[in-house]
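Please work through the exercises below with the sequence and the coordinates open beside the text.

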There are 2 protein chains.
Amino acid sequence: MPKIGMEPLRRKALVDAALRAIADHGSLSVTMSDIARQAGVSPALAHHYFGSKEQLLVETVRSLLRQLRDDTVTALKAARTPREKLSVVIRVSFQADQFAPETIAAWLAFYAEAQRSEETRRFLVIYARRLRSNLLANLKRLCPPDAAGRIAEGAAAMIDGLYIRQSLKSAPINIEASIGLTEDYVTMQLRGIE
Amino acid sequence: MPKIGMEPLRRKALVDAALRAIADHGSLSVTMSDIARQAGVSPALAHHYFGSKEQLLVETVRSLLRQLRDDTVTALKAARTPREKLSVVIRVSFQADQFAPETIAAWLAFYAEAQRSEETRRFLVIYARRLRSNLLANLKRLCPPDAAGRIAEGAAAMIDGLYIRQSLKSAPINIEASIGLTEDYVTMQLRGIE
DNA sequence: TTTTGTTGATTGATCAGTCAATCAAAATTA
DNA sequence: TAATTTTGATTGACTGATCAATCAACAAAA
């Protein structure tokens, strides 16, 4: 069975397994054994490739972020006007796989972890900046810079807030309603500027 | 030293200590020893009064919630019109002690915990409902019910989102700016209705 | 033979939870 | 009032379980 070139495959399998394990368990206090079992390898192998649990977790949040960025870049290609691009950024944030309970649970766990892990915080800050700048760049073509900044901040907050609230699963706001609420905010704000 | 009637005092001291310990540590994986040390008693005593760590944590989130409710009720008494009351609800959410980094860290940790602890989730659902209904009741006097529902949902999401984003401490949105953003949303939405 | 992949076994640390024992105030009795 | 019993408060020491991390060893490929 042991063949050459396993490393990238194992790394990916372990990161994916970590994501699933975190989602199942609902927190980052999953064991390396859980993760390794999900990936079908021994716990020792996880340590072999990642050195420590912390590092595996960091790679996991990194992959979550990469996925979101790639989805955004792809979706953005299909949009032409600034207003369309704004809609795309909003829509991608609430996309099915981002809105899946497991994904939400993982994001939430990482937000909590960011209070302790400098590296995790750095990644989440990158996410926050990226969202803000994606919104800002397009808003600036539709309204004055100061208003653009304000609206970007508000829209980003609303997106994150809808996301968090979704994690409680009590008032199941669906995807379309979430998009609608955010779109509505942007539209009304822009209309108010004119 | 041992006197009668210590129980309520110890319970309160332990809950307060738990809150501080969670804030310091940035997560719920604090040890009973940490908490007990903060409270100046032995770990065994914490177990004696709460039975388990989970139960102590549940009491802690309960106390966080009670504080917020009391603050809201008090502040609401000073407001007369529905619009004033809306402002009060928004302002209390961003009140200094709610916005303190330690408090934010604790809320975040409990949100993550809610993925696993049924009881914790119940409390957070209560918080979400209370915020929604405080907003909704007043909005209904200012606009049609369906619009009121929508605006309440949006405002609640924005409040939670601003709160979460604060936890990253990267883009330090201050209290007044957060209030301004939320007020602006409500104002614009209401204006749009007329 | 060297390199890469892989694991079982083990270690050392950490922690929640338990328990028996102590101590001092309060209640009861003499 | 003095002697006693009871009760609540409190802890140190311990246990059992869990887990991250290590390591020596082996297997297959180069």
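The exercises that follow concern the protein surface around DNA strand C in a predicted model.

**Exercise 1.** Describe the set of residues that surround DNA strand C, by number and by class.

*Solution.* Begin with the count: 19 residues surround DNA strand C, and the closest are R10(A), S42(A), T31(B), M32(B) and K53(B). Then turn to the strand itself, where sugar and phosphate account for 74% of the atoms that come within 4 Å of the protein. Finally, sort the surface by class, which gives 9 nonpolar, 6 polar and 4 charged residues.

**Exercise 2.** Find polar atoms of E7(A), Y49(A) and V30(B) that lie by phosphate oxygens of DNA strand C, and then assign the surface to elements.

*Solution.* Take the backbone first: a polar backbone atom of E7(A) is 3.4 Å from a phosphate oxygen of the strand, and a backbone N or O atom of V30(B) lies 3.3 Å from a phosphate oxygen. For Y49(A), by contrast, a polar side-chain atom is involved, at 3.5 Å from a phosphate oxygen. The elements that give two or more residues to the surface near DNA strand C are α1 (6-25) and α3 (43-50) of chain A, together with α3 (43-50) of chain B. The largest share, 4 residues, comes from α3(A).

**Exercise 3.** Which residues of chain A does the UniProt annotation "DNA-binding region" cover, and what is the helix content of that span?

*Solution.* According to the unreviewed UniProt entry, the annotation covers residues 31-50 of chain A. In the model this span is 80% helix and 0% strand, and its end C-alpha atoms lie 14 Å apart.

Notes
Residues numbered from 1 in each chain as written. Chains lettered and ligands numbered in written order. Predicted model: local features only at pLDDT ≥ 70, side-chain atom pairs only at ≥ 80, totals over all residues. Heavy atoms only, no water. Near = heavy atom within 4 Å. Polar contact = N/O pair within 3.5 Å; in protein donor to acceptor, adjacent residues only side chain to side chain. Nonpolar A, V, L, I, M, F, W, Y, C, P; charged D, E, K, R; others polar. UniProt positions renumbered as here; feature names shortened; annotations may be inferred.
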